[in-house]
Each structure stands twice: as C-alpha cells, then as structure tokens.
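Hi everyone, thanks for having me. I've got one structure to walk you through today, so let's put it up on the screen.

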Amino acid sequence: DSFRSPIGSIILEYLDAGKLSSASNWLDWFIKDYSSFVREGDEPLYGHPVQGFWKKRSNDKSDIKTMKLAAASILATDKTLSGEAVSILESGLLDHDNNLALNKFYYALYFAYQTGDDFEGQYKSASWLYIKYPESDFAWSVLLRSMLNLGLYDKLEVLAGNRLEED
C-alpha cells in the first residue's frame with residue numbers, strides 16, 4: 001500500500017515530461033495490481049477511484065487529461081498528497097470538455113476530501129452521490145458520516161426519517 005502514492009506522483013511527473021507511454025504503462029500496472037475490486041450486488045459505487053478514469057483495456061493513451069485525473073485519483077487516498085488530488089480533480093470537474101461522467105469525479109473527490117479531513121468537501125460530494133444514487137449503500141453511509149462530521153444532526157434526523165419511510 002505504501003507504493004500507491006509514489007505511483008500517482010510518478011505518473012504525473014511522466015505526464016509533465018510528455019512521456020505518455022510511460023505514464024500509461026504505470027497506470028496499466030496500477031490497475032492490474034492494485035484495483036482488483038469486484039462488484040457485488042446492485043452497488044453502483046465501488047472500488048478504487050482510479051477505476052472511474054482508467055480501465056484494464058481500451059484506454060486512450062494519448063489523453064493527457066484523463067491520465068492526469070487517473071493519477072490524481074491514486075493520490076486521493078494519501079494524507080500528504082490529497083490536496084494535490086483535490087486541485088486536479090476539481091479542475092477536471094470544471095472542465096466542460098471532458099467526456100467523463102460526473103459521478104467519477106465526485107466519487108474520487110469524496111476520497112480526497114475524506115483523506116484531507118475536508119468535511120465540507122465530503123458533504124458536498126456525498127450529497128451529490130446520494131442524490132444521483134439514492135439506492136447506493138456507499139452513498140448513504142458517506143452522506144451520514146459527512147453530516148455527523150459537520151454536526152448536522154437535525155438534517156440527518158430528517159433525512160434518515162425520510163429514508164425509513166421510503167423503505
């Protein structure tokens with residue numbers, strides 16, 4: 001696990017140097033070795049956030065923006081580098097030229113905000129994920145956690161009551 005963050009940093013260095021082939025090789029290796037999460041049941045949100053930006057096959061190895069987002073999603077789980085991940089991911093979220101679904105950004109951002117103890121950011125991303133995926137156990141649990149972290153007990157009580165009525 002201690003190798004994950006340096007891999008994200010190495011990928012960014014290769015991208016900055018224009019070495020796209022090397023960067024994509026490192027991303028392929030990371031996916032192969034570190035993101036072997038299998039989806040179980042109906043949960044739409046699962047696995048390492050890098051999986052939203054980089055797949056096992058059919059990646060565009062000339063797409064610098066996507067590779068940078070994938071590298072940032074690796075950094076998202078490192079306490080010392082999560083701020084850099086947030087900066088890259090938030091910039092990508094604002095980039096309207098990207099063809100990636102917003103859920104990939106908010107999913108990766110949630111991890112970066114959580115790692116960096118940014119409770120407001122956690123709440124913002126968790127709220128978006130829950131609105132988009134109300135059936136998701138992950139989205140529900142991270143929304144609850146973020147509301148607890150911010151002391152939003154009254155809102156939490158109302159939200160939980162509404163959810164119980166729906167079930």
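Okay, let's begin with the outside: the accessible surface of this protein comes to about 9,200 Å², and 51% of that belongs to carbon and sulfur atoms. Keep in mind that what you're looking at is a predicted model.

Now for the inside. Of the 167 residues in the protein, 45% are buried.

What is the chain built from? Eight helices and zero strands, so to speak in symbols, you'd read α-α-α-α-α-α-α-α along the sequence. And if you take the contacts with a separation of 6 or more, 55% of them are between residues 24 or more positions apart.

Let's zoom in on one pair of helices. Two packed helices get described by the angle between their axes and the distance between the axes. Here, helix 6 covers residues 119–132 and helix 7 covers residues 137–150; they pack at an angle of about 150°, and their axes are 8 Å apart. Over 145 degrees counts as roughly antiparallel, and that's why we call helix 6 and helix 7 roughly antiparallel to each other.

Who's doing the touching? On the helix 6 side you'll find, among them, Phe119, Tyr123, Ala126 and Tyr130, and helix 7 brings residues including Phe138, Trp140, Leu143 and Met147. Sort that contact by class and you get 12 nonpolar, four polar and one charged residues. The charged one is Glu120, over on helix 6.

One last thing about this pair: the crossing of helix 6 past helix 7 is left-handed. That's it from me, happy to take questions!

How values were computed
Residues are numbered from 1 along each chain as its sequence is written. This is a predicted model: local features need pLDDT of at least 70, side-chain atom pairs count only at pLDDT 80 or more; totals for chains, interfaces and linings use all residues. Side-chain values use heavy atoms; hydrogens and water are left out. Axes are lines fitted to C-alpha atoms, for helices over the stretch in contact, and angles run from 0 to 180 degrees between N-to-C directions. Helices (H or I, at least four residues) and strands (E, at least two) are DSSP runs, numbered from the N terminus. Angles under 35 degrees count as roughly parallel, over 145 as roughly antiparallel, 65 to 115 as roughly perpendicular and the rest as oblique. A crossing is left-handed if the near helix is turned anticlockwise from the far one by less than a right angle, and right-handed if clockwise. Contact means heavy atoms within 4.5 Å. Buried means under 20% relative accessible area, exposed over 50%, partly exposed in between (1.4 Å probe, protein chains only). Accessible areas come from the Shrake-Rupley method with a 1.4 Å probe; for residues, only the protein chains shown count as cover.
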